[in-house]
Amino acid sequence: MKVSTRLLFPWLTMAGAFTLAACQGTVPLQPETSPAAAAQQTQQAASTQAVEQSAVQAAPAIRFFLAQSRPADDLLQIQLDPQTSVYALPQPVFTQADMKQVVPLKSQQGQVFLRFDFNERGAEKLEAISQQAAGNYLVLTINDRVVAIPQVASAYEKPAVHVPMRSAEDAQAVVNLLRQGGQ
């Protein structure tokens, strides 16, 4: 299936809109305080921000990028092996903020999967992606390393993506990494 940048443009627009919406905020009005109290509040805010930043940096970054098999303008090449590449949007379509949990599973045939369950926001994105990009790929990265590349289905039973893994050990290693980051 050939997907041009015209088809990917709405995804870029949607990703940009979500990013802008997440950045929007209001500054609450605060009563006037003494210079000493203001300095103490600034110091507390700086230490809180440092703690939050270190927690974010310690947590593994889970991201899914929408990709296709054909090159196009504005897409990044991800070389899987010397003969195979996929071409992905530069911004992720899903991040950890879109997920509820990750669950390791094994099918009756013995295939090992990780099930990424999405929250309400992620479920809305997943539905839109499955309708408009079925047959393309989701590049799963953890800490900027490609872990798997499942194909986008035309529909999903739950707001979840099942990602095939090579082995139960690989699946458990990913789950352990995510648990370590959450502690």
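**A hairpin and two nonpolar cores**

In this predicted model, β5 and β6 make a hairpin with 5 residues between them, and Gly110 in the turn has a positive phi of about 95°. The two strands run antiparallel and are joined by 7 bridges (strands pair if DSSP finds at least two bridges between them). Across this pairing, Gln101 sits opposite Asp117 in β6. Residues are numbered from 1 along each chain as its sequence is written. Local features need pLDDT of at least 70 and side-chain atom pairs pLDDT 80 or more, while totals for chains, interfaces and linings use all residues; side-chain values use heavy atoms, leaving out hydrogens and water.

Stepping back, the chain has 4 helices and 9 strands (DSSP runs of H or I, at least four residues, and of E, at least two, numbered from the N terminus). Their order is α-α-β-β-β-β-β-β-α-β-β-β-α.

As for the inside, 31% of the 183 residues are buried (under 20% relative accessible area, with a 1.4 Å probe and protein chains only). The largest nonpolar core (buried Ala, Val, Leu, Ile, Met, Phe, Trp, Tyr and Cys residues joined through side-chain atoms within 4.5 Å) has 29 residues, and Phe64 and Phe116 touch the most other members. At least two residues of this core come from each of β1, β5, β6, α3, β7, β9 and α4. Beyond its neighbours within four places in sequence, Phe64 is in contact with residues including Pro92, Met99, Phe116, Leu138 and Val163 (contact means heavy atoms within 4.5 Å). Another core, of 6 residues, lies apart from the largest one and includes Phe65, Ile78, Val86 and Ala88.

Technical notes:
Buried < 20%, exposed > 50% of the residue type's maximum accessible area, 1.4 Å probe, protein only.
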